[in-house]
Amino acid sequence: MKKKPLGLYIHIPYCIHKCGYCDFNSHPIKRDEMDHYIDALVLEMKHYAKIYTNTNIIKTIFLGGGTPTTLNAFQLERILKECVNEFTVASDAEVTIEANPATVDVKLMKSIRRTGYNRISIGVQSFDKEELKLLDRAHGPNEIHSTVDCARKAGFDNLSLDLMFAVPNQSIASWESNLNKAMEKTPEHLSTYNLTIEQGTAFSKLQSNGKLIMPDDDHQLELYKTTIEYLTKKGFNQYEISNFSREGKECKHNITYWKNSNSLGIGAGASSYMDGTRFKNINLPAHYIRQVKEKKTAVEHSETLQPRQAMGETIMLGLRLLQGISINEFEKRFQVSFINLFKNTLQSLKEKELILIEDNFLRLSKKGLFLTDSVILEFI
Ligand code: SF4
């Protein structure tokens, strides 16, 4: 039997500092807890490996966080070795690790690379000292330069940088200066997200006290348009709303999510989507560890999607990809006629010139790209 492809996500929930805008599942470093955390990851992996090893092949592994590089070389090596021992992992699997400046040196980088991590994603956010302070990051520009240099010296030839725009007071010129500095690092991939204020974060409190003023929507749109124009001119391919890459260097792991394909999440707060059912683990690392040690899993919520719900989510995620959604694949997957099911929606969006249907793919038009959220809502 042909094994089905699977993306494996592993969450490392520790950070050296909580950034003011962060609503990810991240917690302060607890050195005495971290070995227990890895033990729990291994137990959870073994549990799922028993279910999926014979039917699935892992094509991508993504160690995200939090900050995975808060772990030491031995711990990072152990995680990857256990994955390979327990699951069927493709020999050409993309294996990404997220790293934050100020948490790595060249020795750790070399060890990570040697262990088998072959793609690195560095959380830069900004090259500007003042913006980094405003973003409440734990590092300055110097640490960014040394982290990228260390990664290159260690032999990472698939390197992604995360940048953030729509930072308060950011002009088009200062954003372009950030993009220029990113180009000097010759990354293979760039993720550019606009700063959003999430409820419950320190930034949300500042905003409600009038101490944080976000750029207006028009300026945010200008910054986004500048990003697309600038990176396209530099030869990057925009393959997703917020992601750009050199040819063949798209993030295969994230494409798994955007195609709403099977993905298994291990670790505190990790989410999975397997064969129409999604489930999510407990957030708090200590609770996660306790529960996995008792029951082998730490699922706190599970939901099997109704077909119409799964279709809506597949469209919502798929439209983020610039290539769009393959109508053939959609129809094969859900056993419905796409055109009949969404006849009125497609007609109205086409009239407004927000979508295109070409070569049996549905995708956003250039105009639709700047109105993604409202287009997607029409399908849900
Ligand atoms: S480094 Fe990333 S995960 Fe950690 S607190 Fe900052 S934004 Fe959140």
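Helices α1 and α10 cross at roughly 45°, and they are therefore oblique to each other. This is a predicted model. The domain assignment splits the protein into domain 1, residues 4–258, and domain 2, residues 327–377. A ligand has eleven-residue surroundings of mixed character, with four nonpolar, six polar and one charged.

**Helix crossings**

- Helix α1 covers residues 31–52, and helix α10 covers residues 285–295.
- The axes of α1 and α10 come within 9 Å.
- Their crossing is left-handed.
- Helix α2 spans residues 73–86, and helix α3 spans residues 106–115.
- The axes of α2 and α3 come within 10 Å and cross at roughly 15°.
- Angles under 35 degrees count as roughly parallel, so α2 is roughly parallel to α3.
- The crossing of α2 and α3 is right-handed.

**Domains**

- Domain 1 runs from 4 to 258 in the assignment, and domain 2 from 327 to 377.
- The centres of domain 1 and domain 2, taken over C-alpha atoms, are 30 Å apart.

**A three-stranded sheet**

- Three strands form an open sheet in the order β15-β17-β16.
- Pairing in this sheet is antiparallel.
- Strands β15 (325–326) and β16 (355–358) are the edge strands, and each pairs on one side only.
- Strand β17 holds residues 361–364, and two bridges join β17 to β15.
- These two strands, β15 and β17, run antiparallel.
- Residue S326 stands opposite F361 in β17.

**Around the ligand**

- Three cysteines are listed around the ligand: C15, C19 and C22.
- The surrounding residues also include K18, F24, S26, T67 and N100.
- Glycines G65, G66 and G123 are listed around the ligand too.
- By class, this shell divides into four nonpolar residues, six polar and one charged.

**Backbone details**

- Most residues other than glycine have a negative phi, and most peptide bonds are trans.
- A cis peptide bond joins G65 and G66, with omega about 15°.
- Residue G66 sits in the loop between β4 (56–65) and α2.
- Both G65 and G66 are among the residues around the ligand.
- Residue T186 is not a glycine, yet T186 has a positive phi of about 40°.
- The place of T186 is the loop between α6 (172–184) and β8 (189–194).

Key: Residues numbered from 1 in each chain as written. Predicted model: local features only at pLDDT ≥ 70, side-chain atom pairs only at ≥ 80, totals over all residues. Near = placed C-beta within 6 Å. Nonpolar A, V, L, I, M, F, W, Y, C, P; charged D, E, K, R; others polar. Domains from an automatic or database assignment. Pairing = 2+ DSSP bridges. Helix = DSSP H or I, 4+ residues; strand = E, 2+ residues; numbered from the N terminus. Axes fitted to C-alpha atoms, helices over the stretch in contact; angles between N-to-C directions. Parallel < 35°, antiparallel > 145°, perpendicular 65-115°, else oblique. Left-handed = near helix turned anticlockwise from the far one by under 90°.
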